[in-house]
Amino acid sequence: MTPEKKEYKRDVIIEVTTDLMFPLILLFGLYIMIGTGGTGGGFQGGTILAAAYILYITVYGTDKAREKMPESVNALFKSLGLFLYNGAGWICVLFSLAAAQWLNMPAFWPITDFVGVPGSRSFLVSYMVSVGIGLTVMASFVSQYFDLAWKEEGERGGR
Amino acid sequence: MVDWIVQHILEKYNYWLAMLIIIISLSAIVVKENLLKKLIGLSIFQTAFFLWVVSLGDVGRNIFTTWGLKTGTPPILWKEAAEKGYIYVNPLPHVLMLTGIVVSAATTAVALAIVIRIYQKYGTVEESEIIDKEIEFEREGGEVRNATD
Amino acid sequence: MNIPKMNPLTWTAVGIAILLIALSIYAIEDLPAFGDENSAVNKQIKLFSVDADGLVESLDAGVLPLEIKTKIEKLGFIEGPTCPGCQNENYPSLTEGNYEIQKIEKGTWEGGRLYTEGGWDVLIKEGEIFYDEFQQYYFIDEIDGELNVYRYNWPVRVVERTEEETAMINAVTSGLADYRGYDTMGEETVILTGAIGVILLVRRRGRL
């Protein structure tokens, strides 16, 4: 019993709207991650960045969306985020003689303060760390959605 | 008796609402037969629990009693809160539940991947039909083969 | 009268619902009301009360009286070994020179909290390696001739000190990435493991 393959009709309105909204959602996610004073943080910004890619996959299909986010770039973002955060954490454990003090203690990092602003060393490190979280969350959610949504050739209804 | 009802049920209505959603979703996990519907019940259960914990830390004026406090603002510090007399909401439950939300999302994704593999092997997602197929194959003495190869 | 035929699983669900409702009726009296500012979760927990005969003068002078000190030490603040031959306990201690008492007037606004009654703050210096400052521990109050001793909770410290220590105005992010940074470090590993788990389950011969 061979299933019939229907021709997939393209819808112009949805495709043009997705093309316009895709960079704006990315910009909004970046603002939430490291915007004025840091409203939000790593997890919240990362999921909004992933939502833009998920919209693109839903409209265009997995074959065309693979060109936007190939496999090697996905794996690079996943490991880069983890490397940033875990590197910072293990350096702090090492320099505090395994006492596990705060993560962003100003005594460990060889970064200079802003002149006149106390505590700004930990400010820079917090930004670096939350960017790391955002990259890992985005790449991980996009890769999970790719895996759950692809179909082999020959199965019913693929594209 | 009326005093007990007003004090413990009407003033603490947030806990009763969260408990109601927990009861409904917990019974959905047990009763339903489709595997996907059970997963939806699990996700709703985790979300209702986070609602219960985050509502413990809210500070502000209640609807049914008046204490004369201003309502709480979100925990982002700003300088005019001292002049107007606002009070910040407790940030501790928000911090502890953020990791829980992410764990819930990751668990749902892995569970969906397992449901995909079950569908490829048995050909159906209903629980009772899977049990019938297993009993049939045990009687014949063979193994379950892939249903969509 | 016949009991209608239903799935036995439905009866299990009804039983779970009745059990949970009974449990919540039993436990609802201990939970704070919605929006209470002085509940134990938001500000402080009451420990015990002591008769105030002549203790107010010693509190004003800056010395903790002996009756309060022995009662606090029974709850677990001890310096030195608890039994002969045991290891030294590392709790912060209440010996002379290790603590400080501050008097607070009624109605002062300090760092996000409005003090509705006056009282005394007990600040203790913990002996940590890289951080050697006074931290808030107890709050002593006088009502109707009795002294009440409260213990501060963690959110009071976060809201008061997050601007000068971390230079971030977002209290939730400073709690996640600075004070509790190691929890978030482990959480990121969990996310990566979830993605690897989905890859291992779904991909078969042709694709990976």
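**View 1. Chain A of this predicted model is built with 5 helices and 0 strands.** Follow the sequence along and you will meet the pattern α-α-α-α-α. Chain A has 159 residues, and buried ones make up 31% of them. Now look at which parts of the chain meet: of the contacts in chain A between residues at least 6 apart in sequence, 62% join residues at least 24 apart.

**View 2. Here chain C meets chain B, with 41 residues from chain C and 43 residues from chain B taking part.** On the chain C side, at least two residues each come from helix H1 (8–27), helix H4 (154–166), helix H5 (171–179) and helix H6 (181–202). H6(C) gives the largest share of that side, 9 residues. By residue type, the side of chain C that touches chain B holds 25 nonpolar, 10 polar and 6 charged residues.

**View 3. Let us zoom in on H6(C) and its partner in chain B, helix H5 (residues 92–122).** The two axes come within 9 Å and cross at roughly 10 degrees. Angles under 35 degrees count as roughly parallel, and H5(B) and H6(C) are therefore roughly parallel to each other.

**View 4. A still closer look shows the residues where H5(B) and H6(C) touch.** From H5(B), the residues to find include B:Thr99, B:Val102, B:Ala106, B:Val110, B:Ile114 and B:Arg117. Among those on H6(C) are C:Asp183, C:Glu187, C:Val190, C:Gly194, C:Val198 and C:Leu201. The contact of H5(B) with H6(C) divides into 13 nonpolar, 3 polar and 3 charged residues.

Conventions. Residues are numbered from 1 along each chain as its sequence is written. Chains are lettered from A and ligands numbered from 1 in the order in which they are written. This is a predicted model: local features need pLDDT of at least 70, side-chain atom pairs count only at pLDDT 80 or more; totals for chains, interfaces and linings use all residues. Two residues are in contact if their C-beta atoms, placed from the backbone, lie within 7 Å. Helices (H or I, at least four residues) and strands (E, at least two) are DSSP runs, numbered from the N terminus. Ala, Val, Leu, Ile, Met, Phe, Trp, Tyr, Cys and Pro count as nonpolar, Asp, Glu, Lys and Arg as charged, and the others, Gly among them, as polar. A residue is buried if 20 or more other C-beta atoms lie within 10 Å of its own, exposed if 12 or fewer, and partly exposed in between; C-beta atoms are placed from the backbone. Axes are lines fitted to C-alpha atoms, for helices over the stretch in contact, and angles run from 0 to 180 degrees between N-to-C directions. Angles under 35 degrees count as roughly parallel, over 145 as roughly antiparallel, 65 to 115 as roughly perpendicular and the rest as oblique.
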